[in-house]
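Let's take a walk through this structure together, from its enclosed parts out to its surface. Here it is to look at.

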Amino acid sequence: MGSDCFIYTLKRTIFLTFLIIFTISLSSAQVRSSTNYQIQSDSVNFAGGLSTSTNYSLESTAGEISTGVSTSTTYGLYAGYQQMQEVFISISAVSPVVMSPDIGGLTGGTANGTTSVVVVTDSPSGYQLTISASNNPAMQKGSDTIADYVPVGADPDISFITNTNDVHFGFSPEGTDVTSRWLNNTSACNIGTNSTALKCWDGLSVTDKLIAQGSANQPSGATTTLHFRMGAGGGTPIIAGDYFATTTLTALPL
Amino acid sequence: MIKGIFFLFLISFFLPMSTFAVDSDFTIKTVVGDDSVPPTTPTLFSAVPVADSQIDLAWSASTDNFSFGGYVVLRDSVAIATTTLTSFNDVDLTPETLYSYEVYAFDSNLNISTTSNSLATTTLPVPPEPVTPISTESLDNNKASTQTVRLKSLDVKITTDEAVFDWETYGVAKYTLRWGLTSEYNDGYINSNIYSSSHKTSINELIPNSLYFYEIIGHTPSGATVVLKQDQFTTAIEMNDFPPPNVLRFRAEVEKNDVLLSWQLPNLTDIKVVRIVSNPYSYPTDIYDGEVVYEGLGVSVMDRGSLLSDDTMYYTAFVLSEKGEVSSGAVLFVKKDYNLPVEESSNQINDQGTAAAPFGGEEKKEISLYNFDANNINILQEKYNFTFLSDSINLSYRKSFTISIPYESLPRHLKSIIVTLLDPTDNRRSYSFLLKINKQGTAYEATIAPLNVLGTSRLEVEIFDFESQLIGLYKKQIIFSAIDDVKVEQQAVVFPDKILYTTKDILIVVAIVGSIILLLLLTIRFMRKGS
């Protein structure tokens with residue numbers, strides 16, 4: 001009986017020991033953040049710690065030998081006992097888009113504009129690129145608005161369709177990293193493997209719409225081109241003036 | 001405690017990995033314009049009377065900030081026309097009458113400009129007397145100096161079913177364009193009511209591969225009527241509608257009452273079968289016109305007993321394609337106990353199987369049938385289009401070609417047309433083919449498979465007319481060469497296919513070999529004696 005109890009206690013101790021070690025290791029491998037801070041990584045040292053008194057405060061460590069960051073255009077070296085596991089991501093400044101030609105308020109027409117964005121990241125898991133508009137609908141002039149483009153079905157429209165009474169504004173992404181929703185088989189979107197200019201049209205939204213997802217691409221980065229189009233069928237008059245859509249592209253490392 | 005640790009473990013394990021993102025904001029601008037703005041006002045440049053019934057107007061172009069629409073022409077403040085051009089010919093006016101003109105512009109949103117300046121002018125007086133038509137010849141001979149219109153240039157573009165005329169004249173004139181399948185020009189006409197020195201019009205719905213006659217007459221403001229041009233054109237052939245090529249080298253040998261027929265298959269991928277039909281009276285003109293003596297994909301057949309009851313037998317070999325199309329037919333005829341040509345023609349082309357007069361033995365004449373002439377005999381090979389009046393006919397030896405004669409160029413009653421091609425490498429041999437009306441009923445055609453031999457040949461076209469008993473005979477030299485061949489991949493087959501040795505040749509070879517053997521034997525014998 002005493003032997004069985006000992007064996008049971010031993011097993012329990014071993015299990016808890018492994019569980020604690022595993023839990024600590026997992027915890028230390030993760031990053032945390034709040035609205036005020038972000039920890040790239042934390043560590044558990046074999047020695048050191050925070051010592052305080054009413055007169056001083058000492059943060060002591062043991063084990064680190066030498067640290068530093070060395071970078072070039074093609075690599076980044078984070079040397080030391082445990083250098084911060086930084087994920088690098090950048091997004092290029094996007095030029096404002098001025099669509100052309102002007103559209104007749106009574107006769108209607110089609111105006112087009114294009115811009116592109118480059119996302120560079122070394123995130124091992126890659127990145128995501130989303131687009132959102134500040135307003136609903138996106139294109140506005142004071143209280144005058146132009147509707148966001150609405151595809152016929154759940155998927156983007158392969159072509160930008162403007163009927164007589166339509167006045168609307170949409171976009172079409174193009175690039176190597178665009179997600180499957182924006183790929184086409186020449187006759188429909190969200191099917192096929194083609195990323196084609198001026199194909200697969202959707203409207204902007206105040207909520208993020210995923211347009212591209214790719215892998216680590218430092219240093220060259222990945223370019224995504226955005227085509228914008230406003231169509232007016234001429235059946236619905238438009239109040240003359242300059243309309244704007246303030247848009248945000250967000251690149252998120254994974 | 002264990003529960004607490006396990007809870008911590010789970011919490012830490014499922015804590016999401018939070019990351020940071022980067023943004024880029026930008027604006028998209030589009031301008032919606034005020035298209036209630038009218039176009040700019042045109043300026044009326046000129047108002048010129050060119051006849052007793054016509055005044056020509058011209059004005060400057062207007063512009064619009066969005067979408068220009070056109071112009072409205074006002075005569076005496078009444079809108080008479082709308083146009084997108086910057087000129088207008090006002091016709092059907094009264095002679096010697098003052099007219100005032102203005103123009104305004106409009107955009108696609110129907111905003112209208114202010115009205116242009118006004119110009120007024122008077123139409124010309126009525127010309128004294130109408131003038132009877134003056135022939136083109138007098139104009140060509142520069143005897144038309146007193147005329148007010150003369151043809152400056154003329155361009156006629158012909159397709160399979162359309163002719164586009166574009167011409168200019170010295171002096172302004174209205175025109176009448178007449179055309180037809182005969183020189184009566186009775187198929188249609190176009191009258192213009194505008195005096196101008198530049199005209200363009202088209203005739204449509206023409207029959208492909210047909211000869212048309214046309215006449216352009218100019219009517220001057222002074223009342224003169226001048227024949228500007230009388231000519232003809234042939235509409236193009238629809239190239240994809242040619243019949244399948246015929247068999248090649250269709251020949252016959254008579255053995256008592258039997259006839260051995262042989263031929264070569266054309267290089268046709270969708271050839272279905274060769275059908276040979278015989279008829280004791282005339283060449284079978286279709287696959288049902290006689291007795292079928294062979295059907296298959298072979299290259300010879302013995303027609304046994306063919307001449308048992310008939311002294312003469314006519315044969316036609318048809319190629320049937322998988323699409324159901326039938327070639328025009330390769331023809332020959334034979335006579336009992338007669339293995340030589342029925343008649344010797346001046347070109348020495350006859351050999352067994354040569355086509356001759358099977359419809360009554362009329363004497364051949366080189367005559368003109370009705371309006372038919374050698375220009376109606378077309379030789380077509382892909383991009384090349386020759387007629388019997390072409391200076392020379394140079395065809396690729398490796399491609400099929402088609403002989404085509406417009407249906408309308410010959411009388412519509414029963415007729416037969418046979419073309420005979422001399423073998424380019426042996427002019428003693430020739431091969432004959434029927435011409436058959438094509439599917440569209442627009443032409444008599446026969447397609448001949450590639451000969452695959454280089455050389456000069458001659459094509460003869462014989463036209464048999466049952467009603468008038470006339471025969472037209474036309475001959476033209478044809479050269480088969482390597483035109484269009486970037487690289488000749490294989491040597492052309494040279495006729496004859498077999499090299500034949502004469503007895504004399506064999507004796508010479510035997511004599512030479514025997515001499516060498518004898519010399520060797522004498523040498524050996526001499527050496528043995530020496531040793």
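## An enclosed strand in chain B

Strand E17 of chain B (residues 271-279) is largely enclosed by the rest of the structure, because 8 of its 9 residues are buried. Please keep in mind that this is a predicted model.

E17(B) has antiparallel company. With strand E20 of chain B (residues 312-321), E17(B) runs antiparallel and is joined by 8 bridges; in this pairing, Arg275(B) has Phe318(B) in E20(B) as its bridge partner. E17(B) also pairs in the antiparallel sense with strand E18 of chain B (residues 291-296), over 5 bridges. There, Ser278(B) stands opposite Glu291(B) of E18(B).

## The nonpolar cores

Which residues touch the most other members of the largest nonpolar core? Of its 54 residues, these are Phe250(B), Leu261(B), Ile276(B), Tyr315(B) and Ile379(B). Another core, of 42 residues, lies apart from it, with Val119(A), Phe169(A), Leu183(A) and Ile238(A) among its members.

Leu261(B) deserves a second look. Setting aside neighbours within four places in sequence, Leu261(B) is in contact with residues including Phe250(B), Ile276(B), Val293(B), Tyr315(B) and Leu332(B).

## Next door: Leu260(B)

Is Leu260(B) buried or partly exposed? Leu260(B), which sits in strand E16 of chain B (residues 258-264), has a relative accessible area of 28%, so it counts as partly exposed.

Leaving out neighbours within four places in sequence, the contacts of Leu260(B) are Arg251(B), Ala252(B), Glu253(B), Val301(B) and Met302(B). Val301(B) is 41 residues from Leu260(B) in sequence, and their C-alpha atoms are 5.9 Å apart in space.

## A nonpolar patch on the surface

Out on the surface of chain B, Ile508(B), Ile512(B), Ile516(B) and Leu520(B) make a nonpolar patch of about 380 Å². One of them, Ile508(B), belongs to helix H3 of chain B (residues 503-530). Ile508(B) counts as partly exposed because its relative accessibility is 43%.

## Chain A as a whole

What does chain A have in the way of helices and strands? There is 1 helix, and there are 17 strands. Of the 254 residues in chain A, 36% are buried.

Chain A exposes about 13600 Å², with carbon and sulfur atoms supplying 56% of that area. Taking its contacts between residues at least 6 apart in sequence, 69% join residues at least 24 apart.

Terms used: Residues numbered from 1 in each chain as written. Chains lettered and ligands numbered in written order. Predicted model: local features only at pLDDT ≥ 70, side-chain atom pairs only at ≥ 80, totals over all residues. Heavy atoms only, no water. Patch = residues over 30% accessible without salt bridge, like charges linked within 9 Å, V, L, I, M, F, W, Y side chains within 5 Å. Areas by Shrake-Rupley, 256 points an atom, 1.4 Å probe, with all protein chains shown as cover. Salt bridge = Lys/Arg side-chain N within 4 Å of Asp/Glu carboxyl O. Helix = DSSP H or I, 4+ residues; strand = E, 2+ residues; numbered from the N terminus. Buried < 20%, exposed > 50% of the residue type's maximum accessible area, 1.4 Å probe, protein only. Contact = heavy atoms within 4.5 Å. Core = buried A, V, L, I, M, F, W, Y, C linked by side-chain atoms within 4.5 Å. Pairing = 2+ DSSP bridges.
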